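User: I have a chain open and want to talk it through. Can we start with one residue and work outwards?

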Amino acid sequence: MSETAANAKKRAIIITISMAFILFFKFIPAPAGMTQAAMQVLGIFIGVLILWMTISIDWPSMLCIAAIAFVPGMKMSSILSGSVGNSTFSFLMFTFMCTYTLSQTPFIRRCAIAFVTNGAARRGPWAFTLLYFASVLFLGSFMSPTVLVIIFLTITEEIYTVLGLQKGSKVANMMMMGMVFCSGISAGMTPIAHVFPLMAFGFYQTATGEAISYASYMAGALPVAALAFLFMMLLFRFVLRPDMSEIKNLDVSSLKASLKPMDRREKTTLVIFFAVVLLWVLPGVIKPVLPDAADFIDGFGTAMPPLLGAVAMAIVTFEGKPLLSFKDATTKGIPWASLIMTAGTLTLGSAMTNADVGLTDWISTSIQPFAATLAPLALVLLFSVWASIQTNLSSNMVTVTVVTAVAIPITLGLSTVNTAAVVSVIGMMASYAFATPPAMATVVFAIGSGWTTTGSMAKYGFPLMIASALLGAFVGYPILAAMM
């Protein structure tokens with residue numbers, strides 16, 4: 001049997017098994033206290049999860065939306081309004097359009113080169129390395145990690161050439177690994193253009209009707225990111241121990257030659273983009289002083305700022321070309337597979353938390369006695385470690401969906417645990433995906449470049465994963481709980 005035929009057979013078997021769960025699981029007698037509708041939702045969840053992990057994330061997400069419509073108590077109109085019509089879906093779509101437009105300017109490259117060519121970077125090899133990684137963290141705080149790594153791959157290979165590094169070099173390996181690690185850490189730093197924290201926020205809002213503020217989230221996420229970054233640097237310095245004398249020439253100022261002065265087009269794009277960011281962050285900052293103004297801005301929701309930004313970018317024109325090309329932004333700038341999966345997971349999350357379905361009530365009733373025996377921080381640690389491990393072995397989106405589906409009903413029933421803070425930790429940890437190729441496409445890009453290996457990514461990625469999970473539970477959660 002040819003490889004193509006074998007793959008086709010394997011695909012057919014997986015789809016058959018998945019469809020059996022989706023179509024027939026509801027006929028299995030439900031355990032005591034669980035409704036048959038809950039069994040149906042559980043079967044859909046298992047079937048779609050198998051497809052997400054083995055086949056694809058796009059069409060199985062559409063299948064998920066369609067299958068949920070047949071669950072008693074779930075209406076197609078409400079399903080669509082809670083999935084593709086959900087504010088999270090719109091927020092991501094408009095934000096991706098804005099960040100794509102920004103990525104088409106020299107700004108990202110300009111920032112990265114500014115970090116590695118300034119005076120502080122020339123103080124020594126470790127100072128240079130620190131600022132190189134810091135540039136990834138800074139830019140990653142408002143960019144998709146995938147887009148960020150694609151841009152940085154080119155810049156990094158130019159740096160290798162200037163510094164005279166060859167493949168097999170520990171220094172080159174460290175820079176490539178650190179770039180991927182920092183892209184994951186930065187994705188958990190802020191919810192700006194980052195899917196996984198936003199999905200967690202969406203599940204929490206669906207379950208409780210309350211929103212999680214960006215400022216509150218970042219108050220807990222930034223310290224975790226800073227300490228994870230410090231641990232990464234210590235890991236490289238004392239475990240990897242690269243021979244920094246390999247860097248023969250720290251003068252990478254030649255990279256500046258490829259940059260032209262900032263023109264009006266780039267400046268205008270920057271002004272609009274950072275105005276969008278300001279509208280996201282401002283309410284949480286001014287609320288103690290100007291509560292009415294903060295509530296007014298918050299009242300428009302998180303999707304309004306990037307919508308206004310995208311419209312402004314499409315209107316403003318230089319030399320006959322708008323800042324934002326709608327065709328290019330929608331065909332090249334929006335990762336539709338991820339967006340459709342977001343819609344599917346939002347639908348699934350809505351069904352799992354639906355009162356008429358009763359699945360979360362059953363989970364809460366069944367597990368809550370055990371959860372109640374755990375110390376609050378032990379329970380938080382459980383969810384933090386679970387999210388960290390799963391996100392480094394499978395899909396980030398699946399991780400957020402599964403872990404929050406279990407965490408929300410359990411923690412809502414406990415007065416000793418802050419549910420919003422737990423959900424934030426889960427979204428944060430789901431972003432810290434960098435240890436294995438299934439974790440994130442960024443890992444695949446780095447390994448495919450030939451400058452690092454699968455073994456290296458796992459050897460240094462897993463210790464960083466464990467440290468991050470501990471930091472999320474013991475540093476991030478207490479701050480988040482105090483803020484929320």
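**A loop residue, then the chain**

Analyst: Glu319 is exposed, with a relative accessible area of 84% (exposed means over 50%, buried under 20%, partly exposed in between, with a 1.4 Å probe and protein chains only). Before going on: this is a predicted model, where local features need pLDDT of at least 70, side-chain atom pairs count only at pLDDT 80 or more, and totals for chains, interfaces and linings use all residues. Residues are numbered from 1 along each chain as its sequence is written, and side-chain values use heavy atoms, with hydrogens and water left out.

User: Where is Glu319 found?

Analyst: Glu319 sits in the loop between β1 (317-318) and β2 (321-322). Strands here are DSSP runs of E with at least two residues, helices are runs of H or I with at least four, and both are numbered from the N terminus.

User: What about the phi of Glu319?

Analyst: The phi of Glu319 is positive, about 55°, although the residue is not a glycine. Arg241 also has a positive phi, about 50°, and is not a glycine either. Arg241 lies in the loop between α11 (214-240) and α12 (264-286).

User: Arg241, buried or exposed?

Analyst: Exposed, with a relative accessible area of 59% for Arg241.

User: Switching to the whole chain. How many helices and strands?

Analyst: The protein chain has 22 helices and two strands. Its radius of gyration is 23 Å, close to the 23 Å that the globule rule gives for 484 residues, so the chain is as compact as a globular protein of that length. That radius is taken over C-alpha atoms, and the rule is 2.2 Å times the number of residues to the power 0.38.

User: What box do the C-alpha atoms fill?

Analyst: Roughly 70 × 55 × 50 Å, taken along the principal axes. Of the 484 residues, 53% count as buried.

User: And the contacts, how far apart in sequence?

Analyst: Among contacts (heavy atoms within 4.5 Å) with a separation of 6 or more, 79% are between residues 24 or more positions apart.

User: Let's go to the C-terminal end of the list. Where does Ser468 lie?

Analyst: Ser468 is in helix α22, residues 454-483. At a relative accessible area of 1%, Ser468 is buried. Apart from neighbours within four places in sequence, Ser468 contacts Ala228, Met429, Tyr432 and Phe434.

User: Which helix has Phe445?

Analyst: Phe445 belongs to helix α21, residues 441-448, and is partly exposed at 28% relative accessibility. Leaving out neighbours within four places, Phe445 is in contact with Thr146, Val149, Ile150 and Leu153. Phe445 and Gly358 are 87 residues apart in sequence, with 42 Å between their C-alpha atoms.

User: And where is Val444?

Analyst: Val444 is in helix α21 too. Val444 counts as partly exposed, at 44% relative accessibility. From Val444 to Thr454 is 10 residues in sequence and 8.7 Å in space, C-alpha to C-alpha.

User: Last topic, cysteines. How many disulfides?

Analyst: Zero in the whole structure, a disulfide being a pair of cysteine sulfur atoms within 2.5 Å. Cys64 is buried, with a relative accessible area of 0%. Cys98 is buried as well, at 1% relative accessibility.
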